[in-house]
Amino acid sequence: MPVRTCTVAERLRSRIRPITSFPEDPRAIPDPEAWGHHVLSSPDLWNAKLGGPHPHAPGVPCAWIYVSGGAILGHQGVLPALFDLGTSTVPGAWAVDLYVDPKERAKGIGALLTERLEQVAPIAAAGGLTEAAEVLCRRRGWIEPFELMTYVRPLSLRGLLRAIGIPAWMRGSVAAIDALLAVHDLARVRRARGVLTIRGIERFDPSAEALSQRLAPSIGAHARRFADTLNRRFLDHPTRRYRSVGLFASDRLDGYAVLRTGSYRRVRLGIIADFLCAPDRFAALMAAAFSALRRDGADIAIVRFFGPAFGRAPERLGFLRWGTRLPLFVHVRSDLRDAMPDLFERPWFVTWGDSDMEWELPA
Ligand SMILES: CC(C)(COP(=O)(O)OP(=O)(O)OC[C@H]1O[C@@H](n2cnc3c(N)ncnc32)[C@H](O)[C@@H]1OP(=O)(O)O)[C@@H](O)C(=O)NCCC(=O)NCCS
């Protein structure tokens, strides 16, 4: 009779299981303080944002958890995604939160949790990783095909001067520049209103997916946007207030931008968390976003996105490149990569969406 030896990896693997809400038993979390390295790891937030089932990916869990001694000691959280690659549609997932309890690290659990994701998702993507997670992904054959750039665009020089402690009497000297900037942005909005309607979006509906599919071939954004994901991640966010502006051409959604405010040091940030439009609508959409953010009191607009499809349009609108580099890691099943040698010729994404961490810029 053959003797079956159970390797350490098999034993660890057998303790990993998928879940669709998180966690089933909140008492299973050993130490909520130690648990999360960022806010997504709060169970309520997790379920509000990631809990399943997801209409376009019913089989994909919201996380794989590693359970030992009745406690959840590791998790890999995922957000289902769909990619339009040429003529085929390929299911995939964003790896949004990998965590292993400090006592359990360096045993291979992080790698095994990631392995489960790779098995379910022919395409998996992750951005904004910690150094440890970057090493882990590289060792597992994930590649770094694209880089996300950070762009900033001043909205109020007075606000920026205030943030660095310049006294009020000196700040008055830039009031005229601020007024010019505001008038310039408003003029763009007015020009756009000649052919487009610009209005807030209360709920995303299937027109967002239609827009995403329509634009995929021209801007190379293979990652499809879904109304339910946009609503879940942004408009229904349990703790953070986002708002969205849309461009409409004869009632057809032609672009959207999702906005929120935040702060870094004393600078009031206007964060363009996500946007989608054709390159020839970029100026109109950004001008609408700038005006909305200015009304919300932002000193500076900031957006992280994969630039190439938009050429020099960001610079023409006064965006400056911030030096940060944010790599995006992607794992693609080998048969897909073999079938599509030009797979990485264009970035698949327009933006990364928003981080669940508080916004941070390098000092
Ligand atoms: C990142 C993390 C999940 C790794 O989990 P883990 O179970 O310790 O990782 P594993 O034991 O499976 O290691 C997998 C590979 O990554 C490498 N690795 C893991 N942690 C590392 C670290 N701190 N520095 C460098 N490499 C590291 C290992 O060397 C290993 O490669 P090898 O098998 O070729 O030796 C864990 O350190 C963690 O939870 N960190 C805090 C939260 C975090 O950073 N999450 C990532 C969010 S993006």
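Guide: In this predicted model, a residue is near a molecule if its C-beta atom, placed from the backbone, lies within 6 Å of it.

Visitor: How many residues surround the ligand, and which are the closest?

Guide: The ligand is surrounded by 18 residues, and the closest are Arg-105, Gly-110, Ala-111, Thr-130 and Ala-132. Two or more residues of this shell are given by each of strand E4 (88–100), helix H4 (109–120) and helix H5 (131–139), with H5 supplying the largest share, five residues.

Visitor: What makes up the shell around the ligand, by class?

Guide: The shell holds 11 nonpolar, four polar and three charged residues; Gly is counted as polar in this scheme.

Visitor: How do you know that the span of H4 agrees with its number of residues?

Guide: The expected span is 1.5 Å times one less than the number of residues, so the 12 residues of H4 should span 16 Å, and the end C-alpha atoms of H4, being 17 Å apart, agree with that value.

Visitor: Which residues of H4 are buried?

Guide: The buried residues in H4 are Ile-109, Gly-110, Leu-112, Leu-113, Thr-114 and Leu-117, where buried means that 20 or more other C-beta atoms lie within 10 Å of the residue's own.

Visitor: Why is Ala-106 called exposed?

Guide: The cut-off for exposed is 12 or fewer other C-beta atoms within 10 Å, and Ala-106 has 9 such neighbours, so it counts as exposed. Ala-106 lies in the loop between E4 and H4, and its phi is near 65°, a positive value in a residue other than glycine. Most residues other than glycine have a negative phi.

Visitor: What makes Asp-251 exposed?

Guide: With 8 other C-beta atoms within 10 Å, Asp-251 is exposed, because the limit for that class is 12 or fewer. Asp-251 is placed in the loop between strand E8 (243–249) and strand E9 (252–264), and, although it is not a glycine, it has a positive phi of about 75°.

Visitor: Why are H8 and H11 called oblique to each other?

Guide: Helix H8 (residues 175–193) and helix H11 (residues 282–295) pack at an angle of about 130°, with their axes 8 Å apart. Angles over 145 degrees count as roughly antiparallel and those from 65 to 115 as roughly perpendicular; the angle of about 130° falls in neither range, and the two helices are therefore oblique. The crossing in which H8 passes H11 is left-handed.

Visitor: Why does Arg-333 count as partly exposed?

Guide: Partly exposed is the class in between the limits of 12 or fewer and 20 or more, and Arg-333, with 16 C-beta neighbours inside 10 Å, therefore belongs to it. Arg-333 lies in the loop between strand E12 (320–332) and helix H13 (334–339); Arg-333 and Ala-124 are 209 residues apart in sequence, while their C-alpha atoms are 8.9 Å apart in space.

Visitor: How do you know that Leu-157 is partly exposed?

Guide: A buried residue needs 20 or more neighbours, and Leu-157 has 19 C-beta neighbours inside 10 Å, so it counts as partly exposed. Leu-157 has its place in helix H6 (residues 157–163), and its C-alpha atom is separated by 6.2 Å from that of Asp-178, 21 residues apart along the chain.

Visitor: What makes Ala-210 partly exposed?

Guide: Ala-210 has 14 other C-beta atoms within 10 Å and is therefore partly exposed. Ala-210 lies in helix H9 (residues 206–219), and between Ala-210 and Ala-227, 17 residues apart in sequence, the C-alpha to C-alpha distance is 9.7 Å.

Note on methods
Residues are numbered from 1 along each chain as its sequence is written. This is a predicted model: local features need pLDDT of at least 70, side-chain atom pairs count only at pLDDT 80 or more; totals for chains, interfaces and linings use all residues. Helices (H or I, at least four residues) and strands (E, at least two) are DSSP runs, numbered from the N terminus. Axes are lines fitted to C-alpha atoms, for helices over the stretch in contact, and angles run from 0 to 180 degrees between N-to-C directions. Angles under 35 degrees count as roughly parallel, over 145 as roughly antiparallel, 65 to 115 as roughly perpendicular and the rest as oblique. A crossing is left-handed if the near helix is turned anticlockwise from the far one by less than a right angle, and right-handed if clockwise.
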